[in-house]
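Let's take a walk through this structure together. Keep the view open beside you and turn it as you read.

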Amino acid sequence: MNWAEFFNMGGYAFHVWTSWALSIGALITIVIVAKLNNAKIKKELERQIRREAKLQQEK
Amino acid sequence: MNTLFLYFQREWKLMFRNTGTLILPLIFFLIIALLFPFSLPAEVSLLQRIGGGVIWVSAVLATMLSLESMFQADYQDGTLEQMVIHHRELSLAMMGKVLAHWTATGLLLTLFSPLLCMTFNIPSDQIWVLFFGLLLGTPTLTLIGAIGAALTVTLRRGGVLIAIIILPLYIPILIFGAGMLSQHAQGLEIVSQIYTLGAMLVLALTLAPFAIAGALKTTIN
Amino acid sequence: MNPFSIIWKFLDRTYHRLASPREFYTIAQYATPIFGFLSLILIISGAYLGLFEAPADYQQGDSFRIIYVHVPAAWLSLFVYMVMATASAIGLIWRMKMAFVVAICSAPLGAVFTALALITGSIWGKPIWGTWWTWDARLTSELILLFIYFGVMATYYAFEERKTAEKAMAMLSIVGVVIVPIIHYSVEWWTSLHQGQTIFAEGGPRMPADMLTPLILMIFGFMFFYGYALFLAAQNKVLTQERKARWVRELIQKTGNQR
């Protein structure tokens, strides 16, 4: 079996590869969104902690 | 049982104090159903075939639209909160309330459905099938809908949310109610659908009051 | 001491550990990479076997390879709902905060799996049945399940106060558990009345092992992926919910210093 034949999927290339790409893409997107969210939350928390520390020092 | 009657009566008195709003769901039901002929090719046979389904969908929509007001007035003047806090038989009380609400929506529009059937040229033996189907199905619609109404009472714009929550849950009733009609049109037995609709009603009558009471207890605090 | 009481004690301890946000977060931190690693291995090996090694179907040719993403997604759409409803019940009955976190983080994941099952199903349907969509029982009930997921999420985000939102969402997902089977059977009844099951005839031969193995690998891969994504989302949720707690502050400062 050569690669061209493999990618052709017996004539069903469009259907098979779209389904696979969508599924794997969705899974990857879920992870990326979660990781980005995590970074954002941590950053915000950090900023808030720093701000509070500063306020305490000024007192 | 006493609680149930008491609340049924109370709801009735309150409803008849304002007849104008009482018949709004009915008018909505009639208008929705009569919109369909305008959007379809003017063929008597087509209307005859789809009329039952159209009336069922209109009944579902009219019931859904009336849900938002079910607890709204009592919530705004604080009565609902008192009921939730003090009442030991909250589920029974709410059942009385919901059933009274059904008489003004489901029952009323069931009574007027034969009139709509005539405008759709539905044959008279089928009118009876539709009538009894609605009579069995609409209380279930109101009971399930009341759960959604109870979950969203405290929200300022709960109407759209009720629709999203409740409409998917209405599908079984719609399938059996409208299915009964098409089955009868083909000259087949409809006993199994009547039993299924009855079973759903019994299930809703036993479980929904507790869900409604639970939902009210969580949202009102 | 009999073995049952040891098991019981262990479960009891884990349960109480899981109930505290801080312990839950720690456990999630350890579990996340394990779940992610397992799901990666399973999905890669499943994909390799499914795309390269499994023979083409004698009826459907190579198009049947969609099964390796379609069936896991469909399976997960129901599995996630069961997890969500169970977590909701635990949260309502034992007032366990973290159970609600699991439930609300599951809802969008379940919706994604349901949408994937629908989309891949209709892509698969096009070459095999010649149509993108038919009102078949399974397709229809899957679509309704998607709307129920949307309803659950919409309910959660409609409330301003978190505790009310959690409880309202939990109640709705439990109501859904009662109604989803009814919807499924009613839809099945409805389609069997209106159209024959000709397109969906399933009487084909049982799957041979070299076709079945990748499918099982993919299903487990998806399940571990769900665990992985759930823990990731739950960590975020716990961090936001507990942002005033001391342990969160210490945790943030610690990671900040490391940088």
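## Starting with chain B

Of the 221 residues in chain B, 46% count as buried; a residue is buried if 20 or more other C-beta atoms, placed from the backbone, lie within 10 Å of its own. Before going further, keep in mind that this is a predicted model, where local features need pLDDT of at least 70, side-chain atom pairs count only at pLDDT 80 or more, and totals for chains, interfaces and linings use all residues. As for labels, residues are numbered from 1 along each chain as its sequence is written, while chains are lettered from A and ligands numbered from 1 in the order in which they are written.

So what is chain B built from? It has nine helices and zero strands, where helices (H or I, at least four residues) and strands (E, at least two) are DSSP runs numbered from the N terminus. Chain B has a radius of gyration of 18 Å, close to the 17 Å from the globule rule for 221 residues, so it is as compact as a globular protein of that length. That radius is taken over C-alpha atoms, and the rule is 2.2 Å times the number of residues to the power 0.38. Along its principal axes, the C-alpha trace of chain B spans about 55 × 35 × 30 Å.

Now look at contacts, meaning pairs of residues whose C-beta atoms, placed from the backbone, lie within 7 Å. Among those in chain B between residues at least 6 apart in sequence, 81% join residues at least 24 apart.

## Where the chains meet

Which chains don't touch? Chain A and chain B don't, and their nearest C-alpha atoms are 24 Å apart. Two pairs of chains are in contact, and chains A and C share the most contacts.

Take the contact between chains C and B: 22 residues come from chain C and 19 residues from chain B. On the chain C side, α5 (137-158) and α6 (162-194) are the elements giving two or more residues, with the largest share, 14 residues, coming from α6(C). By class, this side has 17 nonpolar, four polar and one charged residues. Here Ala, Val, Leu, Ile, Met, Phe, Trp, Tyr, Cys and Pro count as nonpolar, Asp, Glu, Lys and Arg as charged, and the others, Gly among them, as polar.

Now for chains C and A: 33 residues come from chain C and 22 residues from chain A. In chain C, α3 (67-94), α4 (97-129), α7 (209-241) and α8 (246-258) each supply at least two residues of this side. The largest share, nine residues, comes from α4(C). By class, the side of chain C that touches chain A has 18 nonpolar, 10 polar and five charged residues.

Conventions: A residue is buried if 20 or more other C-beta atoms lie within 10 Å of its own, exposed if 12 or fewer, and partly exposed in between; C-beta atoms are placed from the backbone.
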